[in-house]
Amino acid sequence: MNERWLIELLGELRVVRGARSVTRLSSRKTEALLAYLALQPGRAFPREVLADQFWPEASPESARHSLRMALSSLRKLFGEGLATDNQTVRLHQEAIHTDVSAFEAAVHAGRWGDAVGLYRGALLPALYDDWVVQQQTRLAELFGFAACHWIAEATERTIALDRAIRAVALAPHHPDLLAALERLQPQVESHVGEKRASRPPEPPNPTVATMAPRGAPDKPALPLKLTRFIGRASELMCLQDWLVPGSGTRLMTLTGPGGSGKTRLAIELAQRTTVTAPSPTRDTVWFLSLSDLSPATPLTDALRRTLGLADTTETDPLETIAGVLREPPTALLILDNAEQQIDAVGALTTALLTRAPGLRCLVTSRRRLDIEGERELPLRPLGQDEAVELFENRAQAARADFSLTDTNRASVAALCQRLDGLPLALEIAAARITVLSPAQLLARIGERLDFYSRQQREVRHRSLRAAIQTSYELLSEPLQRIFTRLVVFSSGWTLEDAQSVLGESDLFEELEALRAHSLLYYVSAPDAPVVRFGMLETLSSFAREQLDPLEAEGLAQRHAAHFFDLGVAAGPAVSRITPEWRARCFAAYENLQSALDWLRRHDPERAATLILEVAPYWFGINFLAEGQRQLEACLAAKPTLPNPLKGALRQTLGYFAEELGDLPRARALLEESVSLLRPYPEDIFLGWALHNLGTTLIRCADYDGAVKNATVARDFWQAKGDATGIAAALTSLAQIARHRGQIRQAATLAEDALRDRTGWWRANIMTVLGSIRYRQGRAQEARLLLTQSAQLHESYGSTTRLAQTLRYRALAALMDDDIRSAEVDCDQAEQIYQRIGVSRGVALTEMIRAEIALYQEEGQKAQAFLKRAEPPHTVADDADYLLLAGRIALLNGDTGAHQTLHQALRLFSESGLLLGQLEAFEALAEALPEYTGSWLAAASQQRESLGAPVPRIENRRRQEYRLIAQTIIPLEWPQALSQALDVGTGTGRSVHFSPGVSAPLRHP
């Protein structure tokens, strides 16, 4: 085994090995499953037990499927460290170790300080399964036992109090710890003087000779928080790394808008720092809040009181303060809410850092200090999962019986998203759960910002409006105007976007100033080629209130014009789709939507032009329903659009309808589009209308019509000299030949189409060629082509095409007798289909799973997978389904298997699907022993004629039948096929389906 994984389960989940750290898995269930396995490493758990344990309400098949998905996710992380077979699952003991086992070992060894340091919080606090709660209770009791011993070991009562405070922060409901804290708090004041007096005399130091004896500080060094800290794992890790000696800068400024959780994060860091220090004492961390200080109060006076120094008249108070901060080898000073006295805080930290070499300063502020040696850590909103967890935790504090359910989960998630993941907003909203449900809170979110206010005592931010108003008032008037006008953008924007829409020549300084005040944030990644800015929705709501309606309308017009120009300039014909173009559309997506909405109301023709340019983006990321909605809205615009635009819109809408599986509508729209565009033979949309009509007819099994349209489209593109259009037409002709069983011709056409193609179209053609290659018996070459295609589709973000390619690769792997790879590709394809909501893709994947189980001779499992693929979508889908159903029935010994296979054979024959016809014929030959030898011999001749040899996995299975066939004089193929079609179906079970529109299922 390689270096072991450390699995941290106490507090927040974290999985660490070397420099790699994982804090979030694919789902809560996956995290719970990992914890369950990790708490008992080496133990083999039956799959059935795990499926029932974690998915008790699901059907057995659904639970096993969910378990398989979770294990697939864990396998990607742990590799060989996770051992699975058909019956059991276990984590290798040599591959992992956990903080729970280390914590328990420390408790049993009596290393109380180590045990407390390892206990970062309750076991997986976001989970509430019965077994988790039992473990939480058991470990909390162990922690309380260890912490009480740790407190009792303290040599001074102030240290004991400090330890009790830290222990209560980690286990706020433990009765023994609460009792210890209650006993110690009243006594600490009388012992402060004793503590100071007991110190040995300090050596003479002329620079601190005027230091007076310290008195008791006005407040505890750290505010005691009684709520659980949630989220911010990456920020905490960054801050903890910063505290390590030798990390470089000694000044860190946490920036963010009001209510983003800066103070809470700083306190959490301080508490964790003191708990894990080798010899934690109160005097290693000091906390000073500047929010309540009068501007007239010198910061040195406030800091003296925090440090417990008596008032004196020394000439250099800074040196006195620095003398205290120099005492510990490492000291942390937290200055909270510095934005009100930004210059004074900058001067103070510079002076202290210069005089106290071991000191580190953490400043929280809505803007950075802008002094030498400063490092900024901007706080972004909480992630969606963290925001939901925070809301749930705080709502339970207000109403103990509140919990997330299937009924309220969507409303809570939407509420957290609308509130930008701001902790302040979430906590205020959660407190309202006593009166309003999550759905009611969501409905009222558009009301005035004052709705999100609270009446608790001793809180700094009583409402969102107050928090934002404070930041707004710190801006100059020109900056306030820029801030309010930026609300015109629907999402991120660049410097150039802002200058164009706002009509300003240079906004570099202004945007940077607004970002420095935490009113804007970076949308783009640090290594992005262009910097993009964004504004939180809560801030946008405030800014929108300040903007004059007439000015807002003028800005909306400029915004629409700007993004029209951007979309038309960036939105190329499909031949020029690139990852860069997709990234640009993705970045501007919401702004393009807003521009379209405005143009539809004021300039429908320009709206239609823009939507045609960006439609390939919607298809590429599988926003098909959204694209369809936008296209229909444009077609419904008044006044009526010119015929070329109507034809182009119908062509694009028909293409989307085809991808969504609505083949009758797709066919009607595309036929109407061709009719509208024929009078305009130079319009490129006519070529794409012909092409897409051809691909729709392929899926409808109208191969004569498909050939006609693909041929006309090819001639159209040849006349224009458009290589991409020609390649698209050749690809359609290759697909038609493949469906008709003309495998050699299909391969030649696909090879011609692929020649000199690059980019997105190359990926599409490689997928088609790969699907042909494994039918030619060249499975290894097929898998290589499909792998290259998948990589290209992933780089373009083409989710639909990626899932289709993975599905083909699963079939190629299966035909190559590589079942494990086929299962992995099925997992990935199905996850994509489920995420984007393509039910037919999920059904196709379930059918491959059924075929895999069939080859593993697991008949009941195959039947279960096949049932999940119902109902079939088209007539040709019926044929594929019938063939698979018949083969499974044959494996299970069902006497009606031959009836089902006969139905499949007839349906394939009527649809002209020669390869499917051949496969159904071979299966029927196996079902009818009296015909097996002669029919399989005839099938072998037909396979040779088509250029489609028996797949490797079938070759292995059919060895016995091959020996029989070699001893028999074969029939000619037409005679054998006719015989098979005429064989009576006899009696037994058959399968019936409602009629549909025909399109091939396995090979669209």
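**Contacts, strands and cores in one chain**

Modeller: Residues 24 or more positions apart make up 69% of the chain's contacts with a separation of 6 or more. A contact here means heavy atoms within 4.5 Å.

Biologist: What kind of model is this, and how are the residues numbered?

Modeller: The model is predicted, so local features need pLDDT of at least 70 and side-chain atom pairs pLDDT 80 or more, while totals for chains, interfaces and linings use all residues. Numbering starts from 1 along each chain as its sequence is written, and side-chain values use heavy atoms, with hydrogens and water left out.

Biologist: What makes a stretch a helix or a strand, and how many of each does the chain have?

Modeller: Both are DSSP runs numbered from the N terminus, a helix (H or I) having at least four residues and a strand (E) at least two. By that rule the chain has 46 helices and 15 strands.

Biologist: Why are strand 9 and strand 10 called paired?

Modeller: Two strands pair if DSSP finds at least two bridges between them. Strand 9 and strand 10 (residues 331-336) are joined by five bridges and run parallel, so they meet the definition. One of the bridge partners is Leu335 in strand 10, which stands opposite Leu288.

Biologist: Which sheet do these strands belong to, and why are strand 9 and strand 12 at its edges?

Modeller: The sheet is open, with five strands in the order 9-10-11-8-12 and parallel pairing. Strand 9 (285-289) and strand 12 (374-378) each have a single partner strand, so one side of each has no neighbour in the sheet. Helix 11 (residues 299-307) packs on this sheet and touches strand 9 and strand 10.

Biologist: Which strands pair with strand 1, and in which sense?

Modeller: Strand 1 (residues 5-8) pairs with strand 7 (residues 96-98) in the parallel sense over three bridges, and three bridges also join strand 1 to strand 2 (residues 14-17), antiparallel. Ile7 stands opposite Thr98 in strand 7, and its bridge partner in strand 2 is Val15. In the hairpin of strand 1 and strand 2, Gly11 takes a positive phi near 80 degrees.

Biologist: What makes helix 3 roughly perpendicular to helix 37?

Modeller: The axes, lines fitted to C-alpha atoms over the stretch in contact, give angles from 0 to 180 degrees between N-to-C directions. For helix 3 (residues 60-78) and helix 37 (residues 819-836) they cross at roughly 105 degrees and come within 11 Å. Angles of 65 to 115 degrees count as roughly perpendicular, under 35 as roughly parallel, over 145 as roughly antiparallel and the rest as oblique, so helix 3 is roughly perpendicular to helix 37.

Biologist: Which residues of helix 21 are called buried?

Modeller: Buried means under 20% relative accessible area, exposed over 50% and partly exposed in between, with a 1.4 Å probe and protein chains only. In helix 21 (residues 508-516), Leu511, Leu514, Arg515 and Ala516 are buried. Of the 1004 residues of the chain, 55% count as buried.

Biologist: What makes a set of residues a nonpolar core, and which residues have the most contacts inside the largest one?

Modeller: A nonpolar core is a set of buried Ala, Val, Leu, Ile, Met, Phe, Trp, Tyr and Cys residues joined through side-chain atoms within 4.5 Å. The largest has 148 residues, and Phe391, Phe483, Leu486 and Trp935 have the most contacts inside it. Its largest share, eight residues, comes from helix 42 (residues 914-927). Leu486 touches residues including Trp493, Leu511 and Met535. A second, separate core of 65 residues includes Leu13, Val100, Val107 and Ile151.

Note on methods: Lists of a residue's contacts leave out its neighbours within four places in sequence.
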